[in-house]
Amino acid sequence: MKEIREELKEEKAKNRFLLDIINAIPEPIIAKDRYGKFTFSNKALADLYNTVPEKMIGKDDSNFTGNTEQTKLFTESVQAIIKSKKSQIIYENATDIKTGITHSFRSLKTPFMNSKGEDNVVIIATNITEIIALKNQAEKNEKRLTGVLDVSCEGMWDWNTQTNDVFHNKRWEIITGVVDSQNSFEEYQRCIFEDDKTHVNKALKRLLEENIPYSLEYRMVRPIDNKKIWVWDRGVVLEHNEQGEPLWVVGIIQ
């Protein structure tokens with residue numbers, strides 16, 4: 001009898017230790033039954049809902065958020081995972097009750113059967129709110145920059161020397177008469193006067209190998225109308241790798 005009590009005590013200590021580990025993880029780890037009710041929650045989600053894990057068992061998200069529509073979506077997601085019998089990654093939101101801030105999560109949902117033979121889903125959620133905010137800000141900044149470049153009187157070009165990808169703004173197309181495409185860089189080089197190509201290539205080589213600013217005037221023929229024009233082209237290396245090799249070159253043309 002004493003040995004049994006010792007085994008039970010040891011097993012309880014192991015379970016307590018495991019629970020301490022799960023509660024120490026700052027991201028939500030939960031389990032739900034097929035009705036969307038909590039069968040387990042760690043401290044991270046309980047803190048988000050301004051409660052404790054023990055009080056979440058047998059309840060659903062709306063008991064803490066008041067958002068029945070959102071809870072319905074959560075439940076439908078759980079039921080779909082159980083039906084599919086496969087793990088899935090779902091992107092969803094949850095509201096911090098204390099602050100009212102909505103957080104975005106990337107949730108790995110995996111179906112399993114508990115010791116009673118009941119269907120459950122374990123959910124491991126990663127808070128990606130900051131990543132989403134940075135992504136949205138980057139897209140907004142890119143849109144603003146594109147707008148600024150498009151109304152600029154100068155043609156802008158952006159060259160990734162590793163992939164040889166080149167970006168141009170609309171004004172660059174208007175000035176050069178070269179329509180932006182995957183081959184626009186090569187097409188543009190073909191438009192430069194033969195007598196000026198050596199001059200241009202030497203200047204680009206000095207820019208890439210010696211970091212000497214690229215600035216020169218040369219002639220070209222616009223392919224859109226065969227008009228001969230003079231252009232003033234300038235460029236600098238904005239980024240080098242650890243070996244000092246150029247990665248990113250930007251410039252303007254008039």
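Me: Before we start, when do two strands count as paired?
Reply: Two strands pair if DSSP finds at least two bridges between them. Bear in mind that this is a predicted model.

Me: Good. How do E1 and E2 pair, and over how many bridges?
Reply: They are antiparallel, with three bridges between E1 and E2. Ile30 has Ser41 in E2 as its bridge partner.

Me: How many residues sit between E1 and E2 in the hairpin?
Reply: Four residues separate E1 and E2 there. Gly36 is in the turn, and its phi is positive, about 80 degrees.

Me: What sheet do E1 and E2 belong to?
Reply: An open one with five strands, in the order E2-E1-E5-E4-E3. The pairing is antiparallel. E2 (38-41) and E3 (88-95) are its edge strands, each pairing on one side only. On average, neighbouring strands in this sheet are turned by 30 degrees against each other, ignoring direction.

Me: Which helix packs on that sheet?
Reply: H4, residues 68-84. Helix H4 touches E1, E3, E4 (102-113) and E5. The direction of H4 makes about 165 degrees with that of E3.

Me: And the other side of E1, how many bridges to E5?
Reply: Five bridges, again antiparallel, between E1 (residues 29-33) and E5 (residues 119-127). Ile29 stands opposite Ile124 in E5. Asp33 has Asn120 in E5 as its bridge partner.

Me: Why call E1 largely enclosed?
Reply: Because five of its five residues are buried. Buried means under 20% relative accessible area.

Me: Which way do the E1 residues point?
Reply: Ile29, Ala31 and Asp33 point one way from E1, while Ile30 and Lys32 point the other way. That fits the usual rule: in a regular strand, side chains alternate between the two faces of the sheet.

Me: Switching to Ser104. Where is it, and what does it touch?
Reply: Ser104 is in strand E4. Leaving out residues up to four places away in sequence, Ser104 touches Glu92, Asn93, Thr126, Asn127, Ile128, Thr129 and Ile132.

Me: Is Ser104 buried or exposed?
Reply: Buried, because its relative accessible area is 17%, below the 20% cut-off.

Me: Pockets next. How much space is in the second largest pocket?
Reply: About 170 Å³. The lining has 14 residues, and the closest to the centre are Pro26, Pro28, Ala44, Asp47 and Leu48.

Me: Which element gives the most to that lining?
Reply: H2 does, with four residues. H2 (43-48) and E4 each supply at least two.

Me: What classes make up the lining of the second largest pocket?
Reply: Six nonpolar, three polar and five charged residues.

Me: On to the other sheet. What's the strand order in E7-E6-E10-E9-E8, open or closed?
Reply: It is open, with five strands in exactly that order and antiparallel pairing. E7 and E8 are the edge strands, each pairing on one side only. Neighbouring strands here are turned by 25 degrees against each other on average, direction ignored.

Me: How many bridges join E9 to E10?
Reply: Seven, and E9 runs antiparallel to E10 (residues 246-253). Gly235 has Gly251 in E10 as its bridge partner.

Me: Which strands does H7 touch?
Reply: H7 (residues 184-191) packs on this sheet, touching E6, E7, E8, E9 and E10. The direction of H7 makes about 75 degrees with that of E8.

Me: And which strands does H8 lie across?
Reply: H8 (residues 194-210) lies across E6, E8, E9 and E10. Helix H8 runs at about 150 degrees to E8.

Me: Backbone now. What is the phi of Asn164?
Reply: About 65 degrees, positive although Asn164 is not a glycine. Most residues other than glycine have a negative phi. Asn164 lies in the loop between E6 (155-160) and E7 (165-168). Asn164 is partly exposed, with a relative accessible area of 36%.

Me: What about Asn226, where is that?
Reply: In the loop between E8 (214-221) and E9 (228-240). The phi of Asn226 is also positive, near 60 degrees. Asn226 counts as exposed because its relative accessibility is 60%, and the cut-off is over 50%.

Me: Last one. How far apart are the C-alpha atoms of Gly117 and Ile224?
Reply: They are separated by 72 Å, with the two residues 107 apart along the chain. Gly117 is in the loop between E4 and E5. At 42% relative accessibility, Gly117 is partly exposed.

Notes. Residues numbered from 1 in each chain as written. Predicted model: local features only at pLDDT ≥ 70, side-chain atom pairs only at ≥ 80, totals over all residues. Heavy atoms only, no water. Axes fitted to C-alpha atoms, helices over the stretch in contact; angles between N-to-C directions. Contact = heavy atoms within 4.5 Å. 1 Å grid on protein atoms, 1.4 Å probe; cavity = no way out; pocket = protein on both sides within 12 Å on 5 of 7 lines; lining within 4 Å. Points joined across faces, edges and corners; volume = space filled by probe spheres on them. Nonpolar A, V, L, I, M, F, W, Y, C, P; charged D, E, K, R; others polar. Buried < 20%, exposed > 50% of the residue type's maximum accessible area, 1.4 Å probe, protein only.
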